[in-house]
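Please open the structure in your viewer and keep the selection panel at hand. The tour goes from whole chains to single residues, one stop at a time.

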Amino acid sequence: MLTIDDSKYHISDEEEIKNEFLVVRQSVRDPSKFQVLYDRYFETIFTFVFRRIDHEDVTADITSQVFYKALKNLKKYKFRGVPFSAWLYRIATNEVYLYYKNNKRKQVYSLEEERFQEIIDDNLFDDEIDVSEVIEAMKSLSEKEAEILELRFFEEKPFAEIAYILEISEANAKMRTYRSLEKLKRQLTRKVK
Amino acid sequence: MSKIDIRLRRQQFTKGRIQRHKNYGSLLEKQKNSHRRRIRGVVLLAFIFVILTVLIISLFNKSNAKPSENRIPGVEIVQSEGPRTLNN
C-alpha cells in the first residue's frame, strides 16, 4: 500500500516560494513581469486542465482564462507558504468545475497510460494489478475522490498544496486521500474475488 | 452507472504542441482592456456620485430657504415717499 507521507513528493524550497511572491508583487504594478510565472507554469496548468477536459481547444481556452484571472486578481494573492502554482491550480480547478456545470457533462479524467502504469508499479497495490482493472475500480469513485487522487499521484502534490488547492485543511487532505485510496483498494479486491 | 469517465491515452502532449497555445501578448492585451474598462466604470460612477450629491445639496438648500418677510397675508407693505402737503 502506498505510504501517505510527503517525503517522496517535491516540496518547493522556501527561497523559491518567496522569490515567486516577489515577482507577484512586482507584477501588480507592472503586469509584464508576470510573464516569468506564465512561462514557468503554462505547460503544467495546460497538462492538468487537459487531463480533466480531454479536448485541446477547450483546454487552451480554460488555461488562458486561468492566467487571465490570476493576472486580474494578483492584488488578492496572499502569501501562504505554498508555491504560486498552487494558486493557479486552485483557479484551474474552479474553472474546470464551471465548465462542467455549464455544459452538464460527466467529468472526464484522461490519464496518460505510461504514467498510470508507473504509478501502479510504484507499489501502489499489494498484488499485481492490470491498468484496466484499476480504471474499472476508479469509475466507482466520486469526482472529489478522483480529484484528490489525481492531485496526489499524477500531479505529485504534497498535502500542504492539495489542502491549499482544494481549500481544506492539511489533515483533511490526508484523510480524504487515504479514504479514497482505501475505497479504490476495496473495489479492486471485490473485483479480483 | 459510473460517476466519472476515465480514459486512457497513449500519447503525451509534446512541448511544441502546448507552446502553440501560449500567447502572453494577447493575455496582457486582454488584461489591459479589462483594466481600462474598470477605470472607465469607476470614473463614471464617481461622476454620477458627484452629480447626485450636487442635486441633493441644492434640493436641501431650497427646502431650507428663508420664508417671506410678509407676515400679513394679502397686505403689501409699500415704502412711504414722505409726508404729503395740502398745497397742491
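Begin in the loop between H7 and helix H8 (159-166) of chain A, and select A:Glu156, which has its place there. Keep in mind throughout that this is a predicted model. The phi angle of A:Glu156 is positive, about 55 degrees, although the residue is not a glycine. Is A:Glu156 buried, exposed or partly exposed? With a relative accessibility of 42%, A:Glu156 counts as partly exposed, because that class lies between the limit of 20% for buried and the limit of 50% for exposed.

A second loop residue can be viewed beside this one. Select A:Lys104, which is found in the loop between helix H4 (84-103) and S1 of chain A. Its phi is near 50 degrees, again a positive value in a residue other than glycine. The relative accessible area of A:Lys104 is 75%, so this residue is exposed.

**The two chains**

Now colour by chain and look at chain A as a whole. Its secondary structure comes to nine helices and one strand, and from the N terminus on these elements follow the order α-α-α-α-β-α-α-α-α-α. Of the 193 residues in chain A, 53% are buried. If you consider the contacts in chain A with a separation of 6 or more, 70% of them are between residues 24 or more positions apart.

Chain B, which you can select next, has two helices and one strand, and along the sequence they give the pattern β-α-α. Chain B holds 88 residues, of which 12% count as buried.

**Where the chains meet**

Show both chains together and select the residues in contact across the interface: 42 residues come from chain A and 27 residues from chain B. The area buried between chain A and chain B is about 3500 Å², and carbon and sulfur atoms give 61% of this area. There are 18 residue pairs in polar contact across the interface of chain A and chain B, counting pairs with both residues at pLDDT 80 or more. On the side of chain A that touches chain B, the elements giving two or more residues are helix H2 (35-53), helix H3 (56-72), strand S1 (107-112), helix H5 (113-121), helix H6 (131-138) and helix H7 (143-154). The residues on this side of chain A comprise 19 nonpolar, nine polar and 14 charged ones.

How many salt bridges cross the interface of chain A and chain B? Six are found there. To view one of them, select B:Lys22 and A:Asp39, whose side chains meet in a salt bridge with an N to O distance of 3.1 Å.

**A strand from each chain**

Select S1(A) together with strand S1 (residues 4-9) of chain B, and you will see two strands that run parallel and are joined by six bridges. Among the partners, A:Gln107 is matched in S1(B) with B:Ile4, while A:Tyr109 has B:Ile6 as its bridge partner in S1(B). Since six of the six residues of S1(A) are buried, this strand is largely enclosed by the rest of the structure. Turn the view to compare its two faces, both of which are covered: A:Gln107, A:Tyr109 and A:Leu111 are buried on one side, and A:Val108, A:Ser110 and A:Glu112 are buried on the other.

**Two buried residues of chain A**

Move to helix H3 of chain A and select A:Glu56. This residue is buried, with a relative accessible area of 14%. Which residues does A:Glu56 touch, not counting those up to four places away in sequence? They are A:Phe46 and A:Phe50 in chain A, together with B:Phe13, B:Arg17, B:Arg20 and B:His21 in chain B. The side chain of A:Glu56 makes a polar contact with the side chain of B:Arg17 at 2.6 Å, and another with the side chain of B:Arg20 at 2.9 Å.

For the last stop, select A:Val131 in helix H6 of chain A. A:Val131 is buried, with a relative accessible area of 6%. Leaving aside neighbours within four places in sequence, A:Val131 is in contact with A:Phe116, A:Gln117 and A:Ile120, and also with B:Leu8 from chain B. If you then select A:Ile119 as well, you can trace a C-alpha to C-alpha distance of 10.0 Å to A:Val131, the two residues being twelve apart in sequence.

Conventions:
Residues numbered from 1 in each chain as written. Chains lettered and ligands numbered in written order. Heavy atoms only, no water. Contact = heavy atoms within 4.5 Å. Buried area = accessible area lost by both parts, 1.4 Å probe. Salt bridge = Lys/Arg side-chain N within 4 Å of Asp/Glu carboxyl O. Polar contact = N/O pair within 3.5 Å; in protein donor to acceptor, adjacent residues only side chain to side chain. Helix = DSSP H or I, 4+ residues; strand = E, 2+ residues; numbered from the N terminus. Nonpolar A, V, L, I, M, F, W, Y, C, P; charged D, E, K, R; others polar. Pairing = 2+ DSSP bridges. Buried < 20%, exposed > 50% of the residue type's maximum accessible area, 1.4 Å probe, protein only.
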